[in-house]
Amino acid sequence: MTSMDQEPRQVPVTLSSSSVFPLGTQDVFATAADLGYDGVEVMVTHNSWSQDAVRLNRLADQHQMPIHSIHAPTLLFTQQVWGSAWNKIAKSAELAREVGAEVVVAHPPFRWQGNYASGFAEGIREIMDATGVMICVENMYPWRAGGREAKMYLPHWDPISQGYEHVIWDFSHAAIAQMDSLDAFAVLGERLKHVHLTDGTANGKDEHLLPGDGDQPVAAAIEYLGEIGWGGAVCVEVGTRKTKYAGEREEMLIYSLEFARNHLAAGAARAVEAAERSTTA
């Protein structure tokens, strides 16, 4: 908890480039700067700008918008980016180092990825040791077909029980998995290093709704992070590609930014109040 003589840590709120899709990597920097975000997350895709440290550093300098995290191309739609699975992780870590990003986001391996899947935990630890970059493994969700779960990930879609040193939590994925994110935060403790702020429902679709529009305890979970003086970053990752009018994307991203800051501040204020009560009791 935050002590009386210590200012609550200002948790950075960053913007994922996936939140401006179908706009390109270039657009996330200007959008984040215009709306007052603290930084950006770059998802590495087929867009050449997302793979180029020189261009990314130029954009970061131009917009005074630091790159906090790099999302490795470990999604199904980025299978052709950067070749083999281990190459994707290694190149993402190197890119993160070149642009000054603190975090690489990676999805857990698919079952069919052979030695990459079976040696994933040890392999990412070796890359972290070699590069000094933090690799966070993201929570995923069970895939279901015909009412039965298809075993897609190895060792599992849920990183809580695995030996990963650093974890990133996505509320939309948690909704599909029907997990309580607030409980998960408490269990993960210091292993939780990064959060994708969004929301979802238990309908089996990765919706990436605005926070508060789904059934996850997003507000309570973000307040908890503010209350404990959490050391990570909250990254807004909401779907805006179906916007219907000019300015709607910006409205959604402003709402998400304010949601994060307001609930982080509420949690931090609660910690200060608790500390003051304890000293006067």
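Here are legends for a set of close-up views of this predicted model.

**Figure 1. The whole chain, before we zoom in.** The protein folds into nine helices and 10 strands. Its radius of gyration is 18 Å, close to the 19 Å from the globule rule for 281 residues, so the protein is as compact as a globular protein of that length. Laid along its principal axes, the C-alpha trace spans about 60 × 45 × 45 Å. Buried residues make up 52% of the 281. Take the contacts between residues at least 6 apart in sequence: 74% of them join residues at least 24 apart. On the outside, about 12,700 Å² is exposed, and carbon and sulfur atoms supply 50% of that. As for charge, there are 21 positive and 36 negative ones, and the mean positions of the two sets lie 8 Å apart.

**Figure 2. Helix α2 and its two sides.** This view takes in residues 53-63, where Ala 53, Leu 56, Leu 59 and Ala 60 are the buried ones. Looking down the axis of α2, these buried residues fall within an arc of 125°, so they line one face of the helix. The spacing makes sense, because an α-helix has 3.6 residues a turn and residues three or four places apart point the same way. Turned away from that buried side are the exposed residues Val 54, Asp 61 and Gln 62. The cover over the buried residues of α2 includes two helices, α1 (25-35) and α3 (85-99), along with the strands β2 (39-43) and β3 (67-71).

**Figure 3. Ser 50, on the way into α2.** Ser 50 sits in the loop between β2 and α2. Despite the loop address, Ser 50 counts as buried because its relative accessible area is 0%, and the cut-off is under 20%. Who keeps it company? Setting aside residues up to four places away in sequence, Ser 50 touches Thr 25, Leu 56 and Leu 95, plus the run Val 42, Met 43, Val 44 and Thr 45. Leu 56 also turns up among the buried residues of α2. Gln 26 is 24 residues from Ser 50 in sequence, and their C-alpha atoms are 8.2 Å apart.

**Figure 4. Two residues with positive phi, Gln 64 and Trp 82.** Most residues other than glycine have a negative phi. Gln 64 has a phi near 50°, and its place is in the loop between α2 and β3. Trp 82 shows a positive phi too, about 65°, this time in the loop between β3 and α3. Which of the two is buried, and which is exposed? Gln 64 is exposed, with a relative accessible area of 64%, whereas Trp 82 counts as buried at 11%.

**Figure 5. Two cis prolines.** Most peptide bonds are trans, but here are a couple of cis ones. Phe 21 and Pro 22 are joined by a cis peptide bond with omega of about 15°. Pro 22 belongs to the loop between β1 (13-16) and α1. The bond from Leu 154 to Pro 155 is cis as well, with omega near 0°. Pro 155 lies in the loop between β7 (148-150) and β8 (167-170).

**Figure 6. Where α8 and α9 meet.** Ala 221 is part of helix α8 (residues 218-227), and His 263 is part of helix α9 (residues 248-280). They are 42 residues apart along the chain, yet their C-alpha atoms are separated by 8.8 Å. Ala 221 is buried, with a relative accessible area of 0%. His 263 counts as buried at 19% relative accessibility, since the cut-off is under 20%. What does each one touch, beyond its neighbours within four places in sequence? Ala 221 is in contact with Phe 171, Leu 182 and Phe 185. The partners of His 263 are Ala 219, Ile 222 and Glu 223.

**Figure 7. Asp 34, out on α1.** Asp 34 has its place in helix α1. With 67% relative accessibility, this residue counts as exposed. Leu 76 is 42 residues from Asp 34 along the chain, and 31 Å separates their C-alpha atoms. For contrast, look back at Ala 221 and His 263, also 42 residues apart along the chain but with C-alpha atoms separated by 8.8 Å.

Notes: Residues are numbered from 1 along each chain as its sequence is written. This is a predicted model: local features need pLDDT of at least 70, side-chain atom pairs count only at pLDDT 80 or more; totals for chains, interfaces and linings use all residues. Side-chain values use heavy atoms; hydrogens and water are left out. Helices (H or I, at least four residues) and strands (E, at least two) are DSSP runs, numbered from the N terminus. The radius of gyration is taken over C-alpha atoms; the globule rule is 2.2 Å times the number of residues to the power 0.38. Buried means under 20% relative accessible area, exposed over 50%, partly exposed in between (1.4 Å probe, protein chains only). Contact means heavy atoms within 4.5 Å. Accessible areas come from the Shrake-Rupley method with a 1.4 Å probe; for residues, only the protein chains shown count as cover. Lys and Arg count as positive and Asp and Glu as negative; His and the chain ends are not counted. The place of a charge is taken as NZ of Lys, CZ of Arg, CG of Asp or CD of Glu. The arc is that of the directions from the helix axis to the C-beta atoms.
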